[in-house]
Amino acid sequence: MTETFDLHTRLSEALASRAEAWRFVADFAAHWQQPLRPGDGWSEAEVEAAERRLGLVLPAALREAYLLLGRRTDLTSNHDTLLEPDELRVLDGALVYRMENQGAASWGILLADLDNEDPGTVIRPDLADKSQERWEAWESGLTGACVEMVMAEVVLFAGGFTDFLELDAEEAGVVGQFRELPSAGRDVRWFADADVLIREVDGFCLNVRARTEEALDRLRESVPGDWLEG
């Protein structure tokens, strides 16, 4: 792991530039998980085979994500799943690239937006009444969605120093003692210090990841509650 990583500054830069976003992903992976290495992404040939099968060209941002880290399931598929190139599919006018872990929703890119290098993303809930399903706007840019994906999947990694806390009304806002990060992801807020990363989901729960057991213990003490693992 790297010893210094200014998460607040680097995330701000990542959300403003596609090139900075991929640099952020690489450094974030090295700091919180394991460094990216050759072979962690899918090959050009594998991505092009998917394009031929589908009869379309992937947006630059999605292609770059697959080539950089598509095979790193610890960064893409601990909870929700980034589809492999041969699993990509078209559904009702959108290219589906990611699935919710229980199949409750799909994330995609509208076919009309595929010519954009960094298109916005859409979400489609899986409903009992299929006639009511619609694609709804989600993130404004695919690169930002990938940054949030990597951060979320690292926090939700099954190994390491992680925990979960369901919040009640009185506990909402207890993470305000930590520095809030720039907004990355819809319906979530991020907080951090040097050794702790916190994902607050819609004021309902916290997913946390620490770099050491001691840091995780300090977090539990400073944010009291019925921690799942603590």
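Me: Which amino acids count as nonpolar, which as charged and which as polar?

Reply: Ala, Val, Leu, Ile, Met, Phe, Trp, Tyr, Cys and Pro count as nonpolar, Asp, Glu, Lys and Arg as charged, and the others, Gly among them, as polar. This is a predicted model, where local features need pLDDT of at least 70 and side-chain atom pairs pLDDT 80 or more, while totals for chains, interfaces and linings use all residues. Residues are numbered from 1 along each chain as its sequence is written, and side-chain values use heavy atoms, without hydrogens and water.

Me: What is a pocket, and how much space lies in the largest pocket?

Reply: Rolling a probe the size of a water molecule over the atoms shows where empty space is left. On a 1 Å grid over the protein atoms alone, a pocket is an open set of points where a 1.4 Å probe fits, with protein on both sides within 12 Å along at least five of seven lines; lining residues have an atom within 4 Å of a point. Points are joined across faces, edges and corners, and the volume is the space filled by probe spheres set on them. Here the largest pocket holds about 540 Å³. Its lining has 25 residues, with Asp 80, Trp 107, Trp 138, Val 188 and Arg 199 closest to the centre.

Me: By class, what does that lining have?

Reply: There are 13 nonpolar, two polar and 10 charged residues in the lining of the largest pocket. Helix H6 gives the largest share, six residues; helices (H or I, at least four residues) are DSSP runs, numbered from the N terminus.

Me: What volume has the second largest pocket?

Reply: About 190 Å³. Its lining has six nonpolar, seven polar and three charged residues.

Note on methods:
Helix = DSSP H or I, 4+ residues; strand = E, 2+ residues; numbered from the N terminus.
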